[in-house]
Amino acid sequence: MKTFRRSLITCAVGVSLVVAGLANAQDIKPRLIRFGYGLNEQSNQGRATKVLADEIEKLSGGKMKLRAVGAAALGSDVQMQQALIGGAQEMMVGSTATLVGITKEMALWDTPFLFNNVQEADAVLDGPVGDKVRAKLEEKGLVGLVYWENGFRNLTNSKRSVAKLEDMDGIKLRVMQNPVFLETFKTLGANAVPLPFSELFSALETKAVDGQENPFNTILSSRFYEIQKYLTVSNHVYSPWIVLVSKKYWDGLSADEKGVLMAAAKTSRDFMRKDTRAEAAKALADLKEKGMEITVLRATEAGRMRDKLTTINGGIAASVGMDLWKETQAELARLRK
Ligand code: KDG
């Protein structure tokens, strides 16, 4: 009997040592963070993701690791947003425009010609207005860390050069899945077709749509120049991306781990704004060299487009809330003094 009891005790001690060992192994095993994004690894979005991953690993001493998956392999923006809300994925970066179905205040950033330049965009997005809009995500199960720069959007198509408003008539133009973008291009006379970014290249290649609108960086990195002849420099809206964390995952993190993610996100934001602007500055020459026919909208035509699109601002203001709209306009007036 004594031998049997001794062997039971030995066995119990052995098991607890194994469990303790596993616990220790569990402690040092890095937290793996699944991070999805829609552009390819060579894009400005992919390069910024690499910086984010390196910074998280460095600041956490290797305890937190990003497993970055690009080219919408984890799903479209909308699909990944749902995965974060459900807790099936930890992080992503995507367009604020595709978040409007979850947080209506994100439509503020879809306002045509809201920002005149990137300095205004940085100041508003990183200031009290941008913080307020980001904070609205939390009640919907998402935490917005920082805004990244997608950039000023420009038009491409395979049918004709667009030099004036009337040239837009009847062009089948892919837009993001967003009511303001839909209304913007219907107002300009195009036949607006909402599609996820992951379907865009094939839709252009098969002529399911004639054109699209995106920043120079994306037109370059997604090789749209291979299937789009005409580029019009319209700068019709400044598009942010936003780095998101699942709130279910975020609430389970320690204060230190949250601090690591926020600090790394800010470093990646500052890097990617510089990187994106440097690439955009030479992208037009690159795209011309690759055979695109470039049209820069004359000021009079840009003015006509701007005037025509002010008609949709009332709807955006009503949707995001007059207080937020007025605060944004006041902030812009202050910056423009
Ligand atoms: O994941 C791709 C998204 O970031 C997307 O929003 C890019 O601007 C974009 C578009 O046109 O869909």
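What covers the buried residues of α4? In this predicted model, the cover includes α5 (128-135), β4 (142-152), β10 (238-246), α10 (255-289) and α13 (322-335).

**Helix α4 and its surroundings**

Helix α4 spans residues 118-125, and six of its eight residues are buried, so the helix is largely enclosed by the rest of the structure. The buried residues are Val118, Glu120, Ala121, Asp122, Val124 and Leu125. The N-terminal end of α4 is capped by Asn117, which places a side-chain oxygen 3.2 Å from the backbone nitrogen of Gln119.

One of the elements covering α4 is α13. On the α4 side of this contact stand Glu120, Ala123 and Val124, and they meet Glu331, Leu332 and Leu335 of α13. By class, the residues of this contact comprise four nonpolar, no polar and two charged. Of the α4 residues taking part, Glu120 and Val124 also belong to the buried set of the helix.

**Two helix pairs**

The packing of α4 with α13 may be set beside that of α2 (residues 44-59) with α10, as tabulated here.

| Helix pair | Angle | Axis separation |
|---|---|---|
| α4 and α13 | about 130° | 11 Å |
| α2 and α10 | about 150° | 8 Å |

Why is the pair α4 and α13 described as oblique? An angle over 145 degrees would count as roughly antiparallel and one of 65 to 115 as roughly perpendicular; the angle of α4 with α13 is about 130°, and the two helices are therefore oblique to each other. For α2 and α10 the angle is about 150°, and these helices are therefore roughly antiparallel. The crossing of α4 and α13 is right-handed, and the crossing of α2 and α10 is likewise right-handed.

The contact between α2 and α10 draws on Asn44, Arg47, Ala48, Val51, Leu52, Glu55, Ile56 and Leu59 from α2. From α10, the participants include Val260, Leu261, Ala263, Ala264, Phe271, Met272, Asp275 and Glu279. Sorted by class, this contact has twelve nonpolar, four polar and four charged residues. Helix α10 also appears among the elements that cover the buried residues of α4.

**Individual residues in helices**

Lys247 is found in helix α9 (residues 247-250). Is Lys247 buried or partly exposed? Its relative accessibility is 21%, so Lys247 counts as partly exposed. Beyond its neighbours within four places in sequence, Lys247 is in contact with Glu138, Gly141, Leu142 and Val143. The C-alpha atom of Lys247 is separated by 8.5 Å from that of Glu90, although the two residues are 157 residues apart along the chain.

Asn313 lies in helix α12 (residues 313-320). With a relative accessibility of 19%, Asn313 counts as buried, the cut-off being under 20%. Leaving aside neighbours within four places in sequence, the contacts of Asn313 are Thr111, Pro112 and Trp325. Trp325 falls within the range of α13 (322-335).

**Backbone conformation in two loops**

Most residues other than glycine have a negative phi. Ala71 has a positive phi, near 55°, and is located in the loop between β2 (64-69) and α3 (77-86). Arg223 also has a positive phi, near 55°. This residue, Arg223, occupies the loop between α8 (216-221) and β9 (230-233), and at 44% relative accessibility Arg223 counts as partly exposed.

Methods: Residues are numbered from 1 along each chain as its sequence is written. This is a predicted model: local features need pLDDT of at least 70, side-chain atom pairs count only at pLDDT 80 or more; totals for chains, interfaces and linings use all residues. Side-chain values use heavy atoms; hydrogens and water are left out. Helices (H or I, at least four residues) and strands (E, at least two) are DSSP runs, numbered from the N terminus. Buried means under 20% relative accessible area, exposed over 50%, partly exposed in between (1.4 Å probe, protein chains only). Contact means heavy atoms within 4.5 Å. A polar contact is a pair of N or O atoms within 3.5 Å; within protein, one must be able to donate a hydrogen and the other to accept it, and residues adjacent in sequence count only if both atoms are side-chain atoms. Axes are lines fitted to C-alpha atoms, for helices over the stretch in contact, and angles run from 0 to 180 degrees between N-to-C directions. Angles under 35 degrees count as roughly parallel, over 145 as roughly antiparallel, 65 to 115 as roughly perpendicular and the rest as oblique. A crossing is left-handed if the near helix is turned anticlockwise from the far one by less than a right angle, and right-handed if clockwise. Ala, Val, Leu, Ile, Met, Phe, Trp, Tyr, Cys and Pro count as nonpolar, Asp, Glu, Lys and Arg as charged, and the others, Gly among them, as polar.
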